[in-house]
Amino acid sequence: MERSISKSLFFLQRLEPKISVMDRYIIIELIGPFLFGVGLFSSIGVTAGAMFELVRKVTESGLPISIALQVFFLKVPEFIGWAFPMAMVLSTLMVYSQMSSNSEIVALRSCGISVYRMLIPAVILGLTVTGLTFALNEVIVPNANYQASLTLERTLDRDDPPFREEHIFYPEFGKVERPDGSKKDTLTRLFYAEKFDGKYMRGVTIVDRSQYGVDQIVSSESATWNPAENIWDLFNGTIYIVSPDGSYRNIVKFDHQELKLSTAPLDLAGKRRTYQQMNIPQSYEYLELMRLSGNHRKIVKTQVRIQQKFAVPFVCLVLGLVGAALGIRPQRNANRGTSFGISVIIIFAYYLLSFITGAMGQKEVLTPFLAGWLPNFMGIGVAMLLIARASR
């Protein structure tokens, strides 16, 4: 019985993930500078990116201080997310530089531990922070940004409806039966509204081509969605029935008319969230709406933003490796000020590259995938080159 228990314990011990003393030591050393970097960079970001603007709204627009504080705290998660990759490069650069200047790297290499093995703790922390960044950017940041925007809008624009959109354009495609019995994919309806005030579409024009050879044009002053009946209610308008030769066959005026049409025009008008206020599933929903609308420029832009949303969390791993590769090189003295300066340069270079590739993606010089991921691939390439040089 005792032998059976001892064998089971031995087996369980072999199954446990083994973290060496070196790994544990380096990870603990990394956590302190990482938390310091998160606090430092998020404080700088939220001060420059939110506080100054809120103070201006308090003094110039009469924004209540309580609302300003509420918006301020809602904006904090966004800047924490931006601070994670910055803190990663700062912490890895500082810790590995300190280890190099204290000859700890030399001592570990003399024990037969390779440079690649020493970087495993940085990879572990980088992957952990990548997961945290992804969760933060998907679960907390979009809703917090959206609530901050709505709070400001409701407070500063009390007399205006919360939703305002202009030039809602929605084409609908489907199969239309031809005289010979065949069906062909074609434009079946075209919906246009001059503006949407949150309840009513104003200046509505609908071109109906759902039957072969009969075109119908509906024009109304206003339209609203009726959720109880799942139809559109149109008010004060005219229906023009067009013959195949292009002449008006009949004209009907109406005070109220019901029309079966999807809610897509309403969805297009109501999608007021910016890219910073949408997570990945919401971005895909928006992409489908843009495809329905046929707005090619917004389709490409949304595709690029989606790839960036996938790629941005992995910046933590990439920059962490770059910082570790720079820090692990042989050096005599490690200066924290120098580490901070190098970190700022790396961060600036990365985000500048990300901005350039994003713009190239929107101009269709690069594919959306490359526009989002190319900075990460280049960062990994630089890190691998620096690590290979340090391992010689």
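This is a short walk through one predicted protein model, from its overall make-up to a few single residues.

Okay, ground rules. Since this is a predicted model, local features need pLDDT of at least 70 and side-chain atom pairs count only at pLDDT 80 or more, while totals for chains, interfaces and linings use all residues. Residues are numbered from 1 along each chain as its sequence is written, and side-chain values use heavy atoms, with hydrogens and water left out.

Confidence comes up straight away. pLDDT is the predictor's confidence in each residue, on a scale from 0 to 100. The protein chain averages 82, and 85% of the residues score at least 70. Helix α1, residues 2-15, sits at the bottom with a mean pLDDT of 44, and α12 at the top with 92. Residues 7-16 have pLDDT below 50, and beyond near neighbours in sequence that stretch has one contact in the model. By contact I mean heavy atoms within 4.5 Å. Residues 158-162 also stay under 50, and there the model has four contacts beyond four places in sequence. Where pLDDT is low, you shouldn't read the predicted coordinates in detail.

Now the architecture. We've got 12 helices and six strands in the protein chain. Those are DSSP runs, numbered from the N terminus: H or I with at least four residues for helices, E with at least two for strands. The chain has 392 residues, and 41% of them count as buried. Buried is under 20% relative accessible area, exposed is over 50%, and partly exposed is in between, using a 1.4 Å probe and protein chains only. Take the contacts between residues at least 6 apart in sequence: 63% join residues at least 24 apart.

On to the cores. In soluble globular proteins, nonpolar side chains tend to be buried together. A nonpolar core here is a set of buried Ala, Val, Leu, Ile, Met, Phe, Trp, Tyr and Cys residues joined through side-chain atoms within 4.5 Å. So which residues touch the most other members of the largest one? Out of 45 residues, they are F34, F84, Y96, M99, L119, V129 and I328. Elements giving two or more residues to this core include α2 (21-60), α6 (120-156) and α12 (368-390). Helix α3 provides the largest share, 12 residues. As for F34, setting aside residues up to four places away in sequence, it touches F84, A87, M88, S91 and V129. There's also a second, separate core of 18 residues, with F191, A193, L234 and I239 among them.

Let me pick out two buried helix residues. A324 lies in helix α10 and has 0% relative accessibility, so it counts as buried. Beyond four places in sequence, A324 is in contact with T92, L93, Y96, L119 and A122. Its C-alpha is 9.5 Å from that of M118, although the two are 206 residues apart along the chain. S343 is in helix α11, and it's buried too, because its relative accessible area is 0%. With the same sequence neighbours left out, S343 touches V89, L90 and L93.

Over to the strands. T224 is in strand β4, residues 214-226, and it's buried, with a relative accessible area of 13%. Its contacts beyond four places in sequence are K199, Y200, I231, W232, D233 and F235. N236, in strand β5 (residues 231-242), has a phi near 55 degrees, a positive value in a residue other than glycine. N236 is partly exposed at 39% relative accessible area. S103, in the loop between α3 and α4, also has a positive phi, near 65 degrees.

Last stop, the largest pocket. On a 1 Å grid over the protein atoms alone, a pocket is an open set of points where a 1.4 Å probe fits, with protein on both sides within 12 Å along at least five of seven lines; lining residues have an atom within 4 Å of a point. Grid points are joined across faces, edges and corners, and the volume is the space filled by probe spheres set on them. How much space lies in the largest pocket? About 690 Å³. It's lined by 27 residues, and W82, Q276, R305, Q308 and V312 lie nearest its centre. Helix α11 gives the most to that lining, eight residues. By class, the lining has 13 nonpolar, 10 polar and four charged residues, where Ala, Val, Leu, Ile, Met, Phe, Trp, Tyr, Cys and Pro are nonpolar, Asp, Glu, Lys and Arg are charged, and the others, Gly among them, are polar.
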